[in-house]
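Colleague: I should like to learn how to read the contacts between parts of a protein. May we work through an example together?

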There are 2 protein chains.
Amino acid sequence: MTKKNHQLTRNSANFVPLTPLSFLHRTADIYPQRESLIYNDLRYTWAQTRDRCTRVASSLSARGINKNDTVSVFAFNTPEMFECHFAIPMVGAILNTINTRVDADTVAYIIDHAESKVIIVDRQLWPVLKAALTSCKLQPKIIIIDDPSATEKPELPSDIEFTFYQELVVHGDDTFSWLAPDDEWQSLSLNYTSGTTGLPKGVIYHHRGAYLMAMGTAMSWALPSHPRYLYTVPMFHCNGWGHVWTMTAAAATVICIRAFTPRSVFKLIEQHEVTHFGCAPIVLNMLANAPVSEQIKFDRTVHVITAGSPPPAIVLESMNQFGFEIMHVYGLTETSGHILQAAPQEDWQEQSIQKQAELKSRQGVRFSMTEKVDVIDTQSGESVPWDSTTMGEIAIRGNTVMKGYLKDPEATDKAFHNGWFMSGDLAVVHPDGYIQVKDRLKDIIISGGENISSIEVESVLYKHPAVNEAAVIALADEEWGEVPCAFVELKVGQEVSENELIQFCGDNMARFKRPKKVVFGELPKTATGKLQKNVLRKRTI
Amino acid sequence: MTKKNHQLTRNSANFVPLTPLSFLHRTADIYPQRESLIYNDLRYTWAQTRDRCTRVASSLSARGINKNDTVSVFAFNTPEMFECHFAIPMVGAILNTINTRVDADTVAYIIDHAESKVIIVDRQLWPVLKAALTSCKLQPKIIIIDDPSATEKPELPSDIEFTFYQELVVHGDDTFSWLAPDDEWQSLSLNYTSGTTGLPKGVIYHHRGAYLMAMGTAMSWALPSHPRYLYTVPMFHCNGWGHVWTMTAAAATVICIRAFTPRSVFKLIEQHEVTHFGCAPIVLNMLANAPVSEQIKFDRTVHVITAGSPPPAIVLESMNQFGFEIMHVYGLTETSGHILQAAPQEDWQEQSIQKQAELKSRQGVRFSMTEKVDVIDTQSGESVPWDSTTMGEIAIRGNTVMKGYLKDPEATDKAFHNGWFMSGDLAVVHPDGYIQVKDRLKDIIISGGENISSIEVESVLYKHPAVNEAAVIALADEEWGEVPCAFVELKVGQEVSENELIQFCGDNMARFKRPKKVVFGELPKTATGKLQKNVLRKRTI
């Protein structure tokens, strides 16, 4: 028989390694004159953005940066940061963005661990980098983004050689040939986890994953042509949820933002007719609680995706008044960002606003590029029943899952189990198949043999009108093993006593779940707005 | 150094072969109760569609169909045809759809060449298949779709064993485990070209290409969630432009249609609130020229993509009145369907309606899943200048390009050249980078050493108010080598003489391009509405 004829081989016309770099070339070819980036008074077109990226790539190449070298970027969401997402991979190098809020020791650790050859730094962050370099083993070349819009302008290096980013552009070669990956599995970027337990881990993405992340995001967020996207998500976080590449593919106009306040977010949305943005629920909370004089209500729909922690139903509910259509999504650094979404169902519209908010606050169902997500009993490895009650660990399979952790085979092996990436998040599945995170595996409180979800207790606390933010952790208890302890930040001008709050919780949930202790004060957060329970745990010791 | 750490290997959690089958599982998991298919009085949900596909797959498996076996389908756009696009690949087999308008000899040729193990046939087409089987070497198992809506119900086979399709469903196993491809390069479907020159060629698609085709179509057509799609494009043609899979990914509702008239198209769009459909320009022409009593004007936008031949500007223009937003696209069977689109630019809106229609009638720029398209001088192999004048052959590179032609290494080698798939279409590039097809390489008319595009002459003929359809071919001429000869079908009730039409052409284009001869009468067309110039050429001999 002739079955082998079906085995026609790949050639360079019918098999091209997937890479998000191709999006820039397509968009710049087709929409050269459309605005790519807006940043304060700066305007770039897609032709200019490609030109600048190509020049920066050529300058990196001229400085000896080659395939699989690491280039770190320690910067805010300015156009340069956006450009680095293309320019660095254009020479086959690996983009390593660093959280702008980490301390010098962590920066030093990352530079050495990532083996950075070059670090591109915003001038405002130079003092942190300078301190880091005193303890680094490696001494990467320094490139400084000197942003005229920066409010803080520390002294430039005097005794260390450096180049201004702008020189990479000006002296770059606009005819430089970018390097397409010859294998779509090639490493694209390296993102360090926040390291709430132990040292930060280096999560490696590949070109295939980033390409499919962009395609799947467009499909599952139903992106229109030419969205107008406000970049509130830090690009150092999962490469800004991959939206640098998604928005390029969609030939969007991206509004860059260095730092933001509720006032500036509302104003930019109005001024630039923003149609889409993403943020942590904490930002939505800020917007909802901003002074009325700073808030703007839009008579059009602004599409927002939010991730990081489950948005309290009350926050979701309050967003309607601004014209914000919120989609709650879920993901991890290890999955390139969002892989679940609370995709709305037709019949949700018949529910009360409160019920709709509850439905939307779940983590939901998989994005189109996500192959499979299951919730698995941590003991038996079996899928949990769809009963809203039985908890298990979220297990994920798909092409946007990381290659693994850099130089950490042990953690990599532990993360991958039985053909799944194990998320470390505990969840239930509702009868409609929607997944709801109940807690981090390590945050669950086991009290008298019963599981208490810290998130459930927090969501009750959020219902109290005086509570601005709440975090619940386990407190060791001789009688019960563990009991819930709440850390609460009150709204400005509001007061409530510890006993009143404990009473409120007891009235609104199973009594055994109510916190036994309440501590008032400001809550520690990561750069991405996540509450740092590890810091709180230390406070209880 | 530790660079090898970047070479983390693939595992089944972070590398899943791409396949359009995953779209069905995702959509059925998330939207089980949404309507998948509508066909006359039939309604299916996505849960039912998956259930039916799984049962059919299990029945095929029980009949001995395995990986890489070919299953042919000779049927109309009914739900069964849609289901075959999943059920057959679910057992790893190759779906071979056959054009419903081909004759028995061609069906026999395809069955033998494709080595079909099973043929699923609509009862109405049984007489053609029956005739084909008398000359076939192979005798595939027969499965009959007995559609109650069919108007023609020929006798069922009396002396040949067969099964009703419905039995595959009823006796199928809904717990059957579908086979995911272990390699995304695995063959998915086999589509025969119309064979305007020589024997039909078997074009093989792979799972990776079909997946990316769906993703790229959603991105570049900016599909909303849950489009309502009227399936006017025959699914036997490039698997209905891949929209079976695209619409499944988008969790659409698909309105199936067995045969259509302008009246039924308008009525179905109204009745089912259709938002999207695709068709050949000939169908748009039918709609534009239908009796006013059959036409319906919509006060909403219906998104239409049209491909097959460049739609005359006048047809594009007339579509506005119905609320149809037309996107002209271009592709070939070999590229899985559309790979170029006349993507609208912002500044087109400032142009006159006539000018806009001209701009939109070009083949355009690449879809997001298309990596590269160039127009190449057939002699030098160099890119042609973007001057609207210099012709070259369209060359294509991307993951939706076929694996090759089944059992035809010679044709496969010829189609792939220098890292390109060579389309056989002659085109120019406009200064804005938009590609415009001027002719098939084999349809160009060389008269006195000058190239005359048959399409250009046709577009002038279409401007004459009496002309319904026109086709221009080369006529051998002693003096000029070749001269244009026009075949024209007039609108009902209209009259015009040969001399008047030749005069009209001379007045509206360079005089040397005007046809020297005009033949009136009905024009022969392929099943997909393409004019069959090969048939006309025989008429001139």
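Colleague: How far apart do the C-alpha centres of domain 1 of chain A and domain 2 of chain A lie?

Modeller: Please note that this is a predicted model. In it, the two C-alpha centres lie 29 Å apart. Domain 1 of chain A covers 45-207 and domain 2 covers 260-440, while domain 3 covers 445-540.

Colleague: How many residues of domain 1 of chain A are in contact with domain 2 of chain A?

Modeller: A contact here requires C-beta atoms, placed from the backbone, to lie within 7 Å. On that basis, eleven residues of domain 1 of chain A are in contact with eleven residues of domain 2 of chain A. On the domain 1 side, strand 8 (187-192) and strand 9 (202-206) of chain A each supply at least two residues. Strand 9 of chain A gives the largest share, five residues. By class, that side has four nonpolar, six polar and one charged.

Colleague: How should one express the size of an interface between chains, and how many residues of chain B are in contact with chain A?

Modeller: Interface size is often given as the accessible area lost when the parts come together. Counted by residues, 49 of chain B are in contact with 49 of chain A.

Colleague: Which element supplies the largest share of the side of chain B that touches chain A?

Modeller: Helix 1 of chain B does, with four residues. Among the other elements that each supply at least two residues are helix 7 (207-220) and strand 21 (420-429) of chain B. The residues of this side of chain B divide into 23 nonpolar, 17 polar and nine charged.

Terms used:
Residues are numbered from 1 along each chain as its sequence is written. Chains are lettered from A and ligands numbered from 1 in the order in which they are written. This is a predicted model: local features need pLDDT of at least 70, side-chain atom pairs count only at pLDDT 80 or more; totals for chains, interfaces and linings use all residues. Domain bounds come from an automatic or database domain assignment. Two residues are in contact if their C-beta atoms, placed from the backbone, lie within 7 Å. Ala, Val, Leu, Ile, Met, Phe, Trp, Tyr, Cys and Pro count as nonpolar, Asp, Glu, Lys and Arg as charged, and the others, Gly among them, as polar.
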